[in-house]
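Colleague: I'd like a close look at one part of this model, namely the salt bridges and the charged side chains around them. Could you walk me through that part in one go?

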Amino acid sequence: MKYLHVFLAITAATLMVDAEESGLNPREKSLLKLMAEAKRLHWDAGEEYALAELMKDVDQGVDPEQDLDEEAKIGVERFADQVEKFDEKDRGKIMKAFRSSLGKEETKTIFQDATKLAKEEDANLKELKEDVDFQPEERKAFKELVSDVVQGADAEKKEGKDELALIAEAEEKVDKLNVADMQRLRAMIASKYGEEQAKRVFDEAKTIEEDEEAAETIEKKVVQKPAAQQPAVQANQQPAPNPAD
């Protein structure tokens with residue numbers, strides 16, 4: 001985890017070079033750098049992107065609920081949930097960092113918007129969980145697929161037959177989701193690991209599903225292959241005479 005914080009700190013510092021290009025002012029960039037260096041905050045690129053987008057909306061007087069994409073909303077929700085779980089002392093440090101960089105009123109607006117978005121996203125994610133209806137073993141297998149993709153492993157070679165079957169079953173349920181749920185599930189992964197990784201996860205899941213279906217079809221054909229037909233014996237056929245008689 002330490003290397004991740006170092007990487008993010010370097011990323012945030014690099015972003016400060018050109019404030020105009022990113023749409024953030026130097027104070028906001030400085031705040032992102034502070035967040036990246038916070039030891040208690042499990043900060044990642046998805047949350048950094050989400051908070052940057054939220055700050056820009058507040059600056060411009062835009063309603064983030066209408067403006068932010070699903071990935072940014074989930075990033076805000078993850079950040080707000082983290083801060084909510086901090087004890088009073090650590091939460092106070094985060095708030096102080098915001099006030100020092102952005103001022104009292106802007107900080108108040110940002111956290112009000114973040115709290116509102118977090119509540120809405122919590123409700124949406126609960127609905128998604130109900131709609132996709134993963135069984136515990138399917139959820140575990142799908143998480144393992146995400147882990148394989150993020151780590152650059154070949155899931156079809158790494159996972160066993162049972163796990164691949166569960167991934168295929170999970171993907172079959174994903175295929176049946178409505179558009180909003182599908183986008184939300186993809187955004188959940190993209191918020192943590194990036195859009196490219198999210199695309200790879202779903203491409204791999206689809207490949208596994210198709211391969212499992214093909215293997216199942218072949219297996220059924222083998223099982224159902226008719227046995228060689230034996231010559232039929234007519235019911236009224238008389239037995240052949242015995243030469244010894």
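Modeller: Here is a walk through the charged side chains, starting with the overall fold.

Keep in mind that this is a predicted model. The chain has 13 helices and zero strands, and 39% of its 245 residues count as buried. Among contacts with a separation of 6 or more, 70% are between residues 24 or more positions apart. The accessible surface comes to about 15400 Å², with 52% of that belonging to carbon and sulfur atoms.

Now to the pairs. Searching the whole structure turns up 13 salt bridges. One of them joins D44 and R78, with the closest N and O atoms 2.9 Å apart. That pair links distant parts of the chain: D44 sits in the loop between α3 (26–37) and α4 (45–60), while R78 is in helix α6 (residues 70–85), 34 residues apart. Both partners are tucked away: D44 is buried at 12% relative accessible area, and R78 is buried at 16%. There is a third member too, since D44, E47 and R78 are linked in a network of salt bridges.

S191 belongs in this corner as well. This serine is found in helix α12 (residues 179–193) and is buried, with a relative accessible area of just 1%. Leaving out residues up to four places away in sequence, S191 touches D44, G46, E71, I74, G75 and R78. So both D44 and R78 are among the residues that S191 contacts, because their heavy atoms come within 4.5 Å.

Next, the pair between D175 and K206, a salt bridge at 2.8 Å, N to O. D175 lies in helix α11 and K206 in helix α13, so this pair ties together parts that are 31 residues apart in sequence. Here the partners are partly exposed, D175 at 33% relative accessibility and K206 at 28%.

K206 also comes up when you look at E171, another residue of helix α11. E171 is buried yet has no salt bridge, and K206 is its nearest side chain of opposite charge, 4.0 Å away. Apart from residues up to four places away in sequence, E171 touches F142, F202, A205, K206 and E209.

Staying with helix α13, K199 and D203 meet through their side chains in a salt bridge of 2.9 Å, N to O. These two are four residues apart in that helix, so about one helical turn separates them. Each is partly exposed, with K199 at 39% and D203 at 38% relative accessible area.

What about acidic residues on the surface? E137, D154, E156, E169, E172, E210, D211 and E213 form a negative surface patch. Helices α11 (161–175) and α13 (195–224) each supply at least two of its residues, and α13 gives the most, with three. E137 comes from helix α9 (residues 136–151) and is partly exposed at 43% relative accessible area.

Just before that helix there's a backbone detail to check. D133 is in the loop between α8 (104–132) and α9, and its phi is near 55°, a positive value in a residue other than glycine. Most residues other than glycine have a negative phi. D133 counts as partly exposed, with 43% relative accessibility.

Note on methods
Residues are numbered from 1 along each chain as its sequence is written. This is a predicted model: local features need pLDDT of at least 70, side-chain atom pairs count only at pLDDT 80 or more; totals for chains, interfaces and linings use all residues. Side-chain values use heavy atoms; hydrogens and water are left out. Patches are made of residues with over 30% relative accessible area and no salt bridge: like charges are joined within 9 Å, nonpolar side chains (Val, Leu, Ile, Met, Phe, Trp, Tyr) within 5 Å. Accessible areas come from the Shrake-Rupley method with a 1.4 Å probe; for residues, only the protein chains shown count as cover. Lys and Arg count as positive and Asp and Glu as negative; His and the chain ends are not counted. The place of a charge is taken as NZ of Lys, CZ of Arg, CG of Asp or CD of Glu. Buried means under 20% relative accessible area, exposed over 50%, partly exposed in between (1.4 Å probe, protein chains only).
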